[in-house]
Amino acid sequence: MATSTRPDSVASGTPPNPEAHEPLLDEASSAALRLWVIMSRAHAAIAAHASADVARHGLTLAEFGILEALYHRGPMLLGEVQRCILVSSGGITFLVDRLTAKGLVERRACEADRRARYAALTPTGTELVARIFPEHAALLTQVMEGLTVAEQTTAADLMRALGRFAAA
């Protein structure tokens, strides 16, 4: 059974574009597409706050992600950092190079594998994250207050389950 989704223009009272084609979707497809759009918009809105916050300290969100991971987990192989913050292998090299140039991260040799390298915070990097992480966490807490803590927990569990299913 196909159901029609209601275009935003009809819902907002503006006349529909005569060249627009209203999708005819079944209920499952309509729900999936709606969820995708809502998740994308929510992520963009939250990421804008997070990006602006770390930009005050001369960092990108990806750079802050590396610093935060190293701060909370300690030195990590570059491949581990890459998987943690979801960037390409070339991307992690570029980002670690930038953080190294800023004096926040250093590379260390891996005794077990001469080809592998660890990324570790420098004392300056450790001091920076110790100083800015509490403010960043407070900002994200404030941004997420649109949901109760219980709702946030439920949403996190649902997103984890969805992500695991999609990855399988």
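Helices (H or I, at least four residues) and strands (E, at least two) are DSSP runs, numbered from the N terminus. The model is predicted: local features need pLDDT of at least 70, side-chain atom pairs count only at pLDDT 80 or more, and totals for chains, interfaces and linings use all residues. Residues are numbered from 1 along each chain as its sequence is written, and side-chain values use heavy atoms, with hydrogens and water left out.

**View 1. Helix 4 packs against helix 5.** Helix 4 covers residues 78-85 and helix 5 covers residues 89-101. Their axes lie 9 Å apart, at an angle of about 105°. Axes here are lines fitted to C-alpha atoms, for helices over the stretch in contact, and angles run from 0 to 180 degrees between N-to-C directions. Helix 4 is therefore roughly perpendicular to helix 5 (under 35 degrees is roughly parallel, over 145 roughly antiparallel, 65 to 115 roughly perpendicular, the rest oblique). L78, V81, Q82 and I85 of helix 4 meet S89, I92, L95 and V96 of helix 5; contact means heavy atoms within 4.5 Å. Six of the residues in this contact are nonpolar, two are polar and none is charged. In this count Ala, Val, Leu, Ile, Met, Phe, Trp, Tyr, Cys and Pro are nonpolar, Asp, Glu, Lys and Arg are charged, and the others, Gly among them, are polar.

**View 2. L86 sits in the loop between helix 4 and helix 5.** L86 is not a glycine, yet its phi is positive, about 60°. Its relative accessible area is 75%, so L86 is exposed. Buried means under 20% relative accessible area, exposed over 50%, and partly exposed in between (1.4 Å probe, protein chains only).

**View 3. E63 of helix 3 makes side-chain polar contacts with R98 and K102.** Helix 3 spans residues 61-73. E63 has a relative accessible area of 0% and therefore counts as buried. Its side chain joins that of R98 at 2.8 Å and that of K102 at 3.1 Å. A polar contact is a pair of N or O atoms within 3.5 Å; within protein, one must be able to donate a hydrogen and the other to accept it, and residues adjacent in sequence count only if both atoms are side-chain atoms. Setting aside residues up to four places away in sequence, E63 touches G58, L95, R98, L99 and K102.

**View 4. D53 of helix 2 pairs with R56.** Helix 2 runs over residues 27-55. The side chains of D53 and R56 form a polar contact of 2.9 Å. D53 is buried, because its relative accessibility is 9%. Beyond neighbours within four places in sequence, D53 is in contact with H136 and L139.

**View 5. L128 of helix 6 touches L59, L67 and L104.** Helix 6 comprises residues 123-143. The listed contacts leave out residues up to four places away in sequence. L128 and L67 are 61 residues apart in sequence, yet 9.0 Å apart in space, C-alpha to C-alpha. With 9% relative accessibility, L128 is buried.

**View 6. C84 and C110 form no disulfide.** A disulfide is a pair of cysteine sulfur atoms within 2.5 Å. The count by this rule is zero. For C84, the nearest cysteine sulfur is that of C110, 17 Å away. From the sulfur of C110, the closest cysteine sulfur is likewise in C84, and 17 Å is too far for a bond. C84 is partly exposed, at 30% relative accessibility, whereas C110 is buried, at 9% relative accessible area.
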